[in-house]
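Reader: I have the sequence and the fold open on my bench screen. Can you walk me through the main features, one at a time?

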Amino acid sequence: MTERTSNPTAAMLVIGDEILSGRTRDSNMNHLARELTLRGIDLREARVISDDHDAIVAAVRELSAAHDHLFTSGGIGPTHDDITAEAVAAAMETPIGVRDDARAILAAHYEARGVELNAARLRMARIPDGATLIDNPVSAAPGFSLRNVHVMAGVPRIFEAMLAGILPTIPGGRPVLSQSLRVERGEGDVAEPLSELARAHPTLAIGSYPFTENGVSGTNVVIRGGDGAEIEAALVQLSGWLEA
């Protein structure tokens, strides 16, 4: 069962052939989900797509229209296959080019390190018109927000730093709380009590997750929602049913 709230909603678009090929393991989706939960923003959908311009354009249009916020990771580096910025601009029908403020950030960063700001690195200063820069305290090259689309790097350390900077600027809702109950019974044994509990508490999300540890099998029941008192009441009710 999925809890429905009045919280802002979000989607995530993970972009990169390296993710789909298995060469790189994505951790940004998990990090984003945890951070959004803490801010009361409901992550409703996540997709992984290749470095394909038309696919990115189509996904950005669809997901940004369906949710309050869209977060992207990947494809904003200096190489030829880093095409996310152009694709997002195309999706929003917005011109894109090297922007003076982004260029200045990169110029200062590379000058301090004695590194040339060559044409490849300058590609990271391409920003759609009207976008707001997202600070990158790790490697300087900024991300950007264009309307409700927040474009960030794919490298986890940089993605996390960018997200930490932008999340305080996004209004949140009611954080989702959760509690769990370990039951040493199989899912088939607890399915009926969980169905009754879901009917009794329609605003809560109730999930069951089987486990086997040290020869012991059972089910972890997780109850999520915005009302801590109701979650506690549901746990007490479930415990009473299982002990009866």
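Reader: How much space lies in the largest pocket?

Author: Keep in mind that this is a predicted model. Of the 29 residues that line the largest pocket, Gly74, Gly75, Ala153, Gly154 and Val155 are the closest to its centre. The space in this largest pocket comes to about 410 Å³.

Reader: Which element gives the most to the lining of the largest pocket?

Author: Three elements each supply at least two residues of that lining: β1 (9-15), α1 (17-20) and α7 (156-166). One of them contributes three residues, and that top contributor is α7.

Reader: How many charged residues are in the lining of the largest pocket?

Author: Sort the lining by class. Nonpolar residues number twelve and polar residues eleven. The charged residues number six.

Reader: Now the interior. How much space lies in the largest cavity?

Author: The count of cavities of 30 Å³ or more comes to one. The space in the largest cavity is about 50 Å³.

Reader: Which charged residues line the largest cavity?

Author: The lining consists of Ile76, Ala85, Arg123, Met124, Arg126, Ile127, Pro142 and Phe144. By class, six are nonpolar, none is polar and two are charged. Arg counts as charged. The two charged residues are therefore Arg123 and Arg126.

Reader: On to the sheets. Which strands stand at the edges of the six-stranded sheet?

Author: This open sheet has mixed pairing and runs in the order β2-β1-β3-β8-β7-β6. An edge strand here has a single partner, so one side of it is left without a neighbour in the sheet. The twist averages 20 degrees from one strand to the next. The edge strands are β2 (42-49) and β6 (132-134).

Reader: Which residue is the bridge partner of Phe71 in β8?

Author: Strand β3 covers residues 69-73, and β8 covers residues 149-152. The two run parallel and are joined by four bridges. In β8, Phe71 is partnered by His150.

Reader: Which strands stand at the edges of the three-stranded sheet?

Author: This open sheet has antiparallel pairing, with the order β9-β11-β10. Each edge strand has a single partner, so one of its sides lacks a neighbour in the sheet. Here too, the twist averages 20 degrees from one strand to the next. The edge strands are β9 (177-183) and β10.

Reader: Which residue in the turn between β10 and β11 has a positive phi?

Author: β10 (residues 205-213) and β11 (residues 216-225) run antiparallel, joined by nine bridges. They form a hairpin with two residues between them. Phi is positive, at about 50 degrees, for Asn214.

Reader: Which residue in β11 is the bridge partner of Ser208?

Author: Follow the ladder of β10 and β11. Thr212 has Ser217 as its partner in β11. For Ser208, the partner in β11 is Val221.

Reader: And where does Ser178 bridge to in β11?

Author: β9 and β11 pair in the antiparallel sense, over seven bridges. Within β11, Ser178 has as its bridge partner Arg224.

Reader: Last, the rings. Which residue lies over the face of Tyr110?

Author: The structure holds zero aromatic pairs. Tyr110 does have a charge over its ring, at 5.2 Å from the ring centre. A charge must sit within 6 Å of that centre to count. The residue over the face of Tyr110 is Arg121.

Terms used
Residues are numbered from 1 along each chain as its sequence is written. This is a predicted model: local features need pLDDT of at least 70, side-chain atom pairs count only at pLDDT 80 or more; totals for chains, interfaces and linings use all residues. Side-chain values use heavy atoms; hydrogens and water are left out. Rings of Phe, Tyr and Trp (its six-membered ring) pair if their centres lie within 6.5 Å; planes under 30 degrees apart count as stacked, over 60 as edge-to-face and the rest as tilted. A charge sits over a ring if NZ of Lys or CZ of Arg is within 6 Å of the ring centre and within 35 degrees of the ring normal. Two strands pair if DSSP finds at least two bridges between them. Axes are lines fitted to C-alpha atoms, for helices over the stretch in contact, and angles run from 0 to 180 degrees between N-to-C directions. On a 1 Å grid over the protein atoms alone, a cavity is a set of points where a 1.4 Å probe fits but cannot get out, and a pocket is an open set with protein on both sides within 12 Å along at least five of seven lines; lining residues have an atom within 4 Å of a point. Grid points are joined across faces, edges and corners, and a volume is the space filled by probe spheres set on the points.
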